[in-house]
Every structure is written in C-alpha cells, then in structure tokens.
Amino acid sequence: MISDQQGYVLWVHGPSTVRRRSDGIGFIPGARWREADVGTNGIGAAMAERAPVQIFGPEHAREEQHSWVCTSAPVINPCTTGLVGTITLAGSFRTAHPHSLALATSVAREAESMLRAAHALKMQLLELNTAVPKGEYLLVDAQGSVAAAHGYSVGSRVSLPRSMSEGQNWIPGVGLVDARSTAGGWVLLRTQEDASLELIAGTNPQAVVHSPSGTTRIPLSAKHWQILAFLASCPSGVALQELQQLWPAGTPNVTIRAEISRLRSKLHGLIASRPYRLVVPVVT
C-alpha cells in the first residue's frame, strides 16, 4: 500500500485472497489511516513517528486488525523535510518476516533518493535559467531551497515568509532583503532599509521585526528573550562579561557565546558584536 501525507490510501496491490480480507477492514483507496482516525496502526504510527515501524497483531488498536501484521516506512522529502507519504506491507500475522521492515524501509529510501535527484536537477535549471545580479544575492526556489548564493553564508534552505511578495521582506537568518520574483523562485538582494524590533514578553515570548514590507514574528526561548531585553536596556552595548549575569555562576564562556550566536542567526543583522548591541530601534 502507498498512502499520502494525510494518511489516505492511494494504491493497493496484492493477491486477491489477501485483498478481499483487507477490503473488509478498510485497506482501500480513499480510506484514511491516521492514528487519530483508527487508532494504532502501521500507517498512522509511521506518520506520527516519522520512522519505520512494524505493528504486530494485538498491537493494533482495533480487534478486526489483530490477525494482521503491518510494516510501514515514511517517505520524507529530503529537500523540505515534509512527509510525503508511507510505504506499507500488510498481511496475515502468520506471514510476518524479519526482513519486511528492511524491505519497506529500502523502498521508502529509494523514493527519497528519486526526490533528491529531481530536486537537484530543479535547482540546477533554476540557476541556469536565472540572470543573477552582481553583488550579494540569494537564489531560492518557491519553498526556500537555495540554488545559488553570493555574499551570504546560509544552509541549503531559508525560511520564506508565507506572505512573500516582491519588494522588502524580512527573512529569518538572512535579514532584510529586496525580493524579486523569477521563474520558479526568488532572487533575494541585500538591502539596508530601516527596520525596528518589538519585544513581546509572556508565556510565549516573541521578537517582532517591523520592516517596510510588514512584520515578521519570531518565537523566542526564555533565554533569548532575556538576552534581547538586556541588550535593549543597554543601547550602547555590553561585553560578554556583562551578559554572564544571565547565566548561573560558572557557566563557560563558550556556552554563552554559542547561545548568543544562535540568537544572532535568528535576528540576522540586528545584533552587532564587540560590544554586543542592537542596531535598530527597540520597543518592549
């Protein structure tokens, strides 16, 4: 059986005798097999765990499935990390075989390999067919996968805002950019337009970046909010030694630097160093 990312069965194949039994418990195209729908089962468990699983007989939630063994492996899109669907082998409990898990897993990995190859070709075509500008830029597809970069140190993917449009946009980890649409993606150019930062406290602290294109909300951990609040209270900047008071005594400097580095990556371009300081107006 092959199911999609929502647990709907798309395709079923097998001997007619097994198919007649499987039809009776709902293993049919169009049926949805999430755990929320039918309890513990191979498809739903593989979706929830995002890992290969094997469900034996009474481990199934429903009694009519207790004579079955189901082996499922999820197919994860290696480019977006999103769930594509599942590959499932199902049959009588008496036909269980230790190699079933390896077989389902290898089929899922082959599917992921094909997705990866197709994506690599797509990125190559995007780069070949796009006239990139001089200077610093990022070339990404519509999902944020990076096809080419110059002057930016980023990974293979950036997080594009849902409301992405041409003009000024704030990209977490990248900063403020001038976005220009191209066939199959975006060209992102560095821009120096003004931005401001709003800090929101509470049980779910946030940093809200206000830019000419609108606002971007960035969830913060409690520690990151503490750091930003401290920097906001010291507009002239602070040294690492001053930030140490936010950690328990004896915390190694390397731990503090690593946490600040992670925060600077979230708010790319808004926190300067030597001394650490916010380079945009702040509202708390």
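## Exercises on a predicted model

W11 is partly exposed, at a relative accessible area of 47%. Keep in mind as you work that this is a predicted model.

**Exercise 1. Find the strand that holds W11, then work out which residues join W11 in a nonpolar surface patch.**

Start with the strand: W11 sits in β2. Next, check the exposure. Partly exposed covers the range between 20% and 50% relative accessible area, so W11, at 47%, gets that label. Now look at the surface around W11. The nonpolar patch there is made of I2, L10 and W11, and together they offer about 300 Å² of accessible area.

**Exercise 2. Lay out the strand order of the five-stranded open sheet and name its edges.**

Go across the sheet and you'll read β2-β1-β5-β4-β3, with antiparallel pairing. The two ends of that order are the edge strands, β2 (9-11) and β3 (53-56), and each of them pairs on one side only. As you step from one strand to the next, the twist averages 30°.

Now zoom in on β3. This strand pairs with β4 (residues 68-76) through four bridges, in the antiparallel sense. For a concrete spot to look at, take Q54: its bridge partner in β4 is T71. Finally, add the helix. α4 (residues 100-128) packs on the sheet and touches β3, β4 and β5 (83-92), with its direction at about 20° to that of β4.

**Exercise 3. Decide whether helix α3 is largely enclosed or not, and say what covers its buried residues.**

First, list the buried residues of α3: G42, I43, G44, A45, A46 and M47. Buried here means under 20% relative accessible area. Then compare with the helix as a whole. α3 runs over residues 42-49, and six of its eight residues are buried, so the rest of the structure largely encloses it. Last, look for the cover. It includes the strands β1 (2-4), β2, β3, β4 and β5, along with the helix α2 (35-38).

**Exercise 4. Locate A96 and find which residues it touches beyond four places in sequence.**

A96 belongs to the loop between β5 and α4. With 34% relative accessibility, A96 is partly exposed. Leaving aside residues up to four places away in sequence, A96 touches F56 and V69. Take V69 a step further: A96 and V69 are 27 residues apart in sequence, yet their C-alpha atoms are 6.4 Å apart in space.

**Exercise 5. Trace the pairings of β12 on both sides.**

Begin with β11 (residues 196-200). Five bridges link β11 to β12 (residues 206-211) in the antiparallel sense, and one place to check is E198, opposite V208. The hairpin of these two strands has five residues between them, and G202 in that hairpin has a positive phi near 125°. Then turn to β13 (residues 214-219), which pairs with β12 over six bridges, again antiparallel. Here Q206 faces P219.

**Exercise 6. Pick out the backbone oddities at R50, T81 and P275.**

Try R50 to begin with. R50 isn't a glycine, but its phi is positive, near 55°. You'll find R50 in the loop between α3 and β3, partly exposed at 42% relative accessibility.

T81 also isn't a glycine and has a positive phi, near 60°. The loop between β4 and β5 holds T81, and T81 counts as exposed, at 53% relative accessibility.

For P275, check the peptide bond with R274: it's cis, with omega about -5°. P275 lies in the loop between β14 (271-272) and β15 (277-278).

How values were computed
Residues numbered from 1 in each chain as written. Predicted model: local features only at pLDDT ≥ 70, side-chain atom pairs only at ≥ 80, totals over all residues. Heavy atoms only, no water. Pairing = 2+ DSSP bridges. Axes fitted to C-alpha atoms, helices over the stretch in contact; angles between N-to-C directions. Contact = heavy atoms within 4.5 Å. Patch = residues over 30% accessible without salt bridge, like charges linked within 9 Å, V, L, I, M, F, W, Y side chains within 5 Å. Areas by Shrake-Rupley, 256 points an atom, 1.4 Å probe, with all protein chains shown as cover. Salt bridge = Lys/Arg side-chain N within 4 Å of Asp/Glu carboxyl O. Buried < 20%, exposed > 50% of the residue type's maximum accessible area, 1.4 Å probe, protein only.
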